[in-house]
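The following exercises concern pairs of charged side chains. Please examine the sequence and the structure before working through each solution.

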Amino acid sequence: MTQSKLHYILRRPSLPGSYLRTRAHSTGADYDTAFSRTPPARIFRSLALEYLIAPVTRQIATPTLINQDVLDTLETPAVIVSNHESHLDTLLLLSVLPRRIRERAVIGAGADYFFDRRTKGFLSALLLGAIPIERTKVSRRSSDLSVELLQKGWNLILFPEGGRTPDGLPQELKAGAAQVALKVGVPILPIYLDGTYELLGKDNSRLQPGKTKVICGKPIHPQTGMRPQALIEVVRQQLEVLRAEAATDFWKARSQPRGRHFPPSSRGWREVWLDRSHRYPAKETSSWPRLFGSSRPGGRD
Amino acid sequence: MTARPGFVLEVDRSTPPTLFWYGENFRLERLPRSSRILYPPEPLPAIRDVRTAIENALDNPAGDQKPLDALLFPGMQLTIAFDDVSLPLPQMTAPDIRSLVIEAVLERAAQAGVEDVQLVAALALHRRMTEGELKHAVGKRAYNALKPRGLLTQHDAEDQANMLEIGHTDQGELVEINRRAAESDLLVYVNINLVSMDGGHKSVATGLASYASIRHHHNVKTMVQSRSFMDRHSSELHSSNWRMGRLIKDAGIKIFQIETTLNTNTFPDSFRFLQRREWEWDLRDRASFVAANGALAKTPPALARQIFHSIRSPYGVTGVNAGEVEAVHDLTLAKVFEQQLVRVEGQTDILTMGLPFVGPYNVNSIMNPILVYCLSLGYFFNMYRHKPLVRKGGVVIISHPTRPEFDPAFHPSYIDFYEQVLTETTDPLIIEQKYEETFARDPWYIHLYRTGNAYHGVHPFYMWYWGAHALDHLGGVIVMGGDPKTVRRLGFKPASTLNDALEMAGSIVGANPTVTHLHSPPLVMADVY
Amino acid sequence: MRSLVVSRTPARFATARLLSRFAVERAVESGPLTLRDGPPKQPPNSDWRRAVPILSGICGSDLATIFFEASRYFDPMTSFPFTPGHEVVVELPEDPGVRFVLEPALTCSVRGTPPCNACASGNTQLCSNTTFGDLAEGIQTGFCSSTGGGWSTEFLAHKDTLHRLPAEYTLEESVMIEPFACAIHAALRPARRSGSLAIVGAGTVGLSILAAAKALGCYSSITVAAKHPIQRELARQLGADAVIDPSELARRARSAAKANRAGSYLGGGFDSTIDAVGSAGSLESAILSTAPGGEVVAAGMPATTHLDLAPLWHREINLKGSYAYGTEVLGPEIATRLNQPQSIRTFSLAIALAKSANIGALVTHKFRLSEYVEAISKARAGGKEDAVKVVFDMRKVKHDG
């Protein structure tokens, strides 16, 4: 008797055959992230970032932040755009942004990748403040949400390349970020991230700790009547200079603007080889302990 | 501090016990009085600035060859072949010398505007390298730039479509090598010359060849006539490779050979007692020997193996030579001999040797019984010039546990060879005639060789041929501390202690035999007069 | 008359099974088997003879009964108390010096019932009347309370079940004829009587099947998986093409067929495999090592087992049983080679081939009836203690008396 009662309690009642079931929850671009911007979720995220995610990321990626004053004086809300080399990029940005920006920031994340399953969507939204962005097609819903959040005073972090680079070289920028910034009339700030591809690139199966650079550009205030394409071109020019600066130094990047196009004109092995040479200094250092003289994993995968 | 030369020690009553490798462990054995022990020269001083040495070699090639920069031009096809994971042993601490050379070559190619570059691991019939091993060998920078574009490849001796027949030598040997390498405007070969067998024309003629071509020198007849295959001027194996190499050169294939030599600084500081002479062991050496020996004896073999295979050797680079193959190889050999050669007067009745945990064919894997056979009778026995260290009809005593363990992923054909061939016969000639063809053509082995990380089906046969000269020469082989059933299947005799082994050997070579011990590590080569 | 008797005593059966794992001799002593003296059984009619065993074999099915490891399936086909022993060479008191071998099946003709369909067609091993008729239940002499059995100094045998043996047959060959007949039947079970054959297990069953297959000469190669040194030695002596360790079976199957392999999946294998063990492990490895579409014959007696049948399903393996013997249809090729009729009683064929097949070599140990504890322990240890076929030798019992 008790057992059958238990069964009755635990088993969902069957649906009558004539009753049409509708899906109560949705995923992808339709995933509702409103919960992640409620006070309890924000407090949780703030604590997790402050005491767990940011310290660990700094340990792994050892970032050098260049032009920090830009961040300190940035007027918010703003759209922050960056090149995209690795999953580490989001974490790295969050760990260097000042608290004032970070705690009121949402991140545009690929709806197909981060919101394909409910659990994944929930965690992305809760821990990173991610919102789903449709990257394969123009989505009214994604841009409406972005606009709405900017208007409410949230900062928006976007990767206009639309996805991680397959080979470490930058890709074509999409104009969506510029379009949103124009629509709301907020500044757009380019930031160049250097070195995360070597730490955890698209094909890397394991994480390799190392050093990275985060270089802030200058905020661009859109003028009314500007076309999104024109605005994103300004962003592109800034990123091209910052990219050269990451490989050389401030002066060389501006005095000898050659090579290092953003994105490069061709994508052969030479471009990767020459372009990323600064990532492989002759003398290597590792933060891992050396066992039996080993300094790099060389065994079976 | 200059390196002290090698020498031959005569054992007397005050000589401390001698170190023997014993697989994933060591043992200290007291050799009988007036035995001789061959100690190799100490590690030669290493080049401080290897990168500059490489640049110099590329700019100042040996022999009839232009500097590398003069050979590079935009629009050319460049192939860089490199030695596979079987060298050096154990693997080097990063950066691997190959990666430094490859980076230097790629840098120049990039500056010269060469778009069409391909890296090829010169596997011959060895197993394909794992991604981690590749990354270690070519370096992360080259790996990241070339791998995603499919420009980092591994030679496939069974890919008939990508083989090019160069022709036949005057002895009728077929020469057939990697099509990409043969059709390139320039083939750069990056080698590590750990022992004197490596390098020279063997690099391309064997490393990039097909089974049909390799079989012309990897056979019993050639191996019995290679005395030894470590001495290229008395080695039929090398004569055949040199004939092939000259044919390749005459066919107009441009090869820029870069050979590198290492010193014998094989073990990191935690195992430094391994490369010191026993009477010079200080308190720390003695303590770490006792601790390591005791702990390893209680460690399960699989774990002990993992520990040893994670060792990376702090080898120092002693030479980088580039240019025309034969001119380069002469310079290389001189350097190898300088490091490894010890002059010995007269042969011996009994030769003793300890086998380590690793040989060329079990990097990151198990030293199976067939590899024990090959390392002892193939490699160590042949570490001589002029005359074998042991006399005709003499005995070799090996120290190794010889457990019947195999790696099914790397050595699938070895298991079948052990179970299906060695149970029938151990005679290399019969094995070659009766079984080689079946194993070499077995489609499953070929599949695993081409797509997995397995040695080619014929590879265990080569292991067996490698020992053919020794089998022909010796009166008996005794394995001290080996698993008796396994040792018998190899055609050897098991003994539990060195004294038992010496008694057994005495019954073969006669009373009061002379004993010589090949002290290893590090590598030593005997120059016997 | 002295005989070993198995009686229905549940406690003793349970004790035997419990002890059989670690104290075999104690298990036999405490088990259901006892040595008894008593009056001889009287023949019910003139068709029955009083037979005097000379040698009497210990079979795997006897051991399974004694140690209570046989399937409960056989319970209704056994009548207690019975005397085991169905591999018997006998003499008749009225005809001393002439030896007979017993065909122990208790089928319609012996039971006085009209022949069932199976018996009428010659497939006496499939007789449906083994629990009916004049006699108590029992599929064979040695499991039936009415007849007695071979582990005694005397039992009853129907005159039609006694086959007269040529004088030149040794006692060892004679006592092996019954198991050899089973083996011939098993070796002829694969529908495709050609190609490569593997025999898993090299106890009496495996080795006699090897001898049978060799004598029939229809298989292109015979591989025997043998665990123990004596088994390997005998397998080589009996002419196996390859003698391997059971762990090598799949690898041998692969290289023999030049097939591909992925994990335990083999793209090819032996054309037919005969399992002469009957354990889950041996059956599974037999199924995995047989070529897709091939046949596996279960010749060793299995009991309740847990088997992964996915490979059987996927590889479309035919799994067949093989029990005892009956009438064989040889087909023209084999019949010509053996110079025998195309349709022949298995037992007659076994008698005809026993001498040349050297089947007597399998008898390794002889014990007196009074040494039954040692005998059964030895038989149970089998190859582990260098034994293959263990038999009781009654001549020595007479010497005792």
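**Exercise 1.** How many salt bridges does a search of the whole structure find over all chains?

*Solution.* The model is a predicted one. Over all chains, the search of the whole structure yields 72 salt bridges.

**Exercise 2.** Determine where the partners of the salt bridge between Asp69(B) and Arg108(B) lie, and classify each as buried, partly exposed or exposed.

*Solution.* Step 1: the N to O distance in this salt bridge is 3.1 Å. Step 2: Asp69(B) belongs to helix H2 (residues 68–71) of chain B, and Arg108(B) to helix H3 (residues 97–111) of chain B. The pair is 39 residues apart and links distant parts of the chain. Step 3: buried means under 20% relative accessible area. Arg108(B), at 10%, is therefore buried, whereas Asp69(B), at 42%, is partly exposed.

**Exercise 3.** Classify the partners of the salt bridge between Arg276(B) and Asp285(B) in the same terms.

*Solution.* Step 1: the side chains meet at 2.9 Å, N to O. Step 2: Arg276(B) has 30% relative accessibility and counts as partly exposed. Step 3: Asp285(B) has 0% and counts as buried.

**Exercise 4.** Why does the salt bridge between Asp416(B) and Arg254(C) join two chains?

*Solution.* Step 1: the side chains meet at 3.5 Å, N to O. Step 2: Asp416(B) lies in helix H15 (residues 412–421) of chain B, while Arg254(C) lies in helix H10 (residues 249–257) of chain C, so the pair joins two chains. Step 3: Asp416(B) is buried at 2% relative accessibility, and Arg254(C) is buried at 0%.

Notes:
Residues numbered from 1 in each chain as written. Chains lettered and ligands numbered in written order. Predicted model: local features only at pLDDT ≥ 70, side-chain atom pairs only at ≥ 80, totals over all residues. Heavy atoms only, no water. Salt bridge = Lys/Arg side-chain N within 4 Å of Asp/Glu carboxyl O. Helix = DSSP H or I, 4+ residues; strand = E, 2+ residues; numbered from the N terminus. Buried < 20%, exposed > 50% of the residue type's maximum accessible area, 1.4 Å probe, protein only.
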